[in-house]
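This report goes through a protein model together with its ligand, beginning with one residue and its burial, then turning to the chain as a whole and to the ligand site.

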Amino acid sequence: MRVLTGIQSSGTLHIGNYFGAIKQMMELQNSSDLYIFIANYHSLSSLKDADAVRKNTIDAAITYLSLGIDPNKVTMWVQSDVKEVLELYWILSAYTPMGLLERAHSYKDKVAKGIGANHALFSYPVLMAADILLYDANIVPVGKDQIQHVEITRDIAVKFNNEHGDVLTMPEFKIDETVATVPGTDGAKMSKSYGNTIDIFCTPKQLKKQVGKIVTEAVSLEEPKEWKDCNVYNLCKLFLDEDGQKELQQRYKKGGEGHGHFKMYLADLITDEFKEASEKKEYYENHLDEVKEILAFGAEKARKNASKKMEIIREKVGIL
Ligand code: ADP
Ligand code: TRP
């Protein structure tokens, strides 16, 4: 079973991303043939600063490796290291009806937000289809906003297969419904676009500031407190097992501690959870050659798959 996903190199990851997506990848790497690539060609559709594109690409690799992606279990590479994907992108374009792309929410949303409409932004789903179909992915774990892109991939694959036989593997998207939405500091969904995040990697000072922003009920120190709808409790909960949660509920019910204490407790939980990852991150930042070696090794393996697949596809469409 091949599971494939692309990661955007769009900067700082928050604990919503960690519990909502990254933890899932950690589990998948133990149970499947997991392929992960950094979608740097995709990033060109909205990012024009070359240094930023370069830095984001390597930062994404460092972040995922630090958080526990194991290069011995996972094939991890940079999208642009396997050029076949662009060839397939063009071929698939010829099997993509315009209407399919015109209906894409993601394109419409980005244009509505004022991101300049360019052709890459419009044809983004075709490149994503190439990413998926080039490697015969069976399962594509994505966030809800990406479901339509996987559906477009399936539509393109059907068009192609109708013409040429059973060449392209039909992928399924995978959403982890068990993951609850992680709340941000204001209680709404944590999202980098809402400015309510708590970042995975930040200095103790930044962490204190972000945790300090969490909105809480105004009650005196002595009074018992309600844990059920408390934003601090709901965030602490993510890091605690059942006993830990019960213990914390008792502290809320007992009174004598303010939300400031619970926020400090949360900051400690976050620091502990990411302590090892922070150390690894520092290590990789100082050993970039090692990171590049991991990516080169992954690219080599991905390229082998890609070139075999492209031979079949070229033959089918008549490219000599
Ligand atoms: P953001 O909303 O900060 O832009 P992304 O859309 O880049 O986050 O999300 C990347 C991944 O993290 C997706 O798989 C998404 O489902 C997951 N994710 C993002 N925010 C949350 C959250 N608050 N709770 C759970 N999962 C989240
Ligand atoms: N579009 C995806 C995102 O924004 C990233 C991506 C690119 C991707 N190619 C992919 C995800 C292929 C899954 C499969 O998150």
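## A buried serine after the helix α1

A residue is called buried when its relative accessible area is under 20%, exposed when that value is over 50%, and partly exposed in between. In this predicted model, S32 has a relative accessible area of 16% and is therefore buried. The residue belongs to the loop that runs between α1 (15-31) and β2 (33-38).

The side chain of S32 has a polar atom placed 2.8 Å from the backbone oxygen of L28. When residues up to four places away in sequence are set aside, S32 touches M1 and V3.

## A partly exposed serine in α4

S93 is found in helix α4, which comprises residues 84-93. Its relative accessibility is 26%, and because partly exposed covers the range from 20% to 50%, S93 is assigned to that class. Along the chain, S93 and I156 are 63 residues apart, yet in space a distance of 8.6 Å separates their C-alpha atoms.

## The chain as a whole

The protein chain contains 14 helices and five strands, and its C-alpha atoms occupy a box of roughly 80 × 40 × 35 Å when the principal axes are used. Of the 320 residues in the protein chain, 48% are buried. If contacts are restricted to residues at least 6 apart in sequence, 77% of those in the protein chain join residues that are at least 24 apart.

The exposed area of the protein chain is about 16700 Å², of which carbon and sulfur atoms contribute 52%. The chain carries 40 positive and 46 negative charges, and the mean positions of these two sets are 2 Å apart.

## The surroundings of ligand 1

Around ligand 1 there are 13 residues, of which H14, V182, M190, S191 and K192 come nearest. Three of these residues can be described through their polar atoms. For M190, a polar backbone atom is 2.9 Å from a nitrogen atom of ligand 1, whereas for S191 a polar atom of the side chain lies 2.8 Å from an oxygen atom of the ligand. For K192, an N or O atom in the side chain is 2.7 Å from an oxygen atom of ligand 1. On its own, ligand 1 has 540 Å² of accessible area, and the protein covers 74% of this area.

Methods: Residues numbered from 1 in each chain as written. Chains lettered and ligands numbered in written order. Predicted model: local features only at pLDDT ≥ 70, side-chain atom pairs only at ≥ 80, totals over all residues. Heavy atoms only, no water. Helix = DSSP H or I, 4+ residues; strand = E, 2+ residues; numbered from the N terminus. Buried < 20%, exposed > 50% of the residue type's maximum accessible area, 1.4 Å probe, protein only. Contact = heavy atoms within 4.5 Å. Areas by Shrake-Rupley, 256 points an atom, 1.4 Å probe, with all protein chains shown as cover. Lys, Arg positive; Asp, Glu negative; His and termini not counted. Charge placed at Lys NZ, Arg CZ, Asp CG, Glu CD. Near = heavy atom within 4 Å. Polar contact = N/O pair within 3.5 Å; in protein donor to acceptor, adjacent residues only side chain to side chain.
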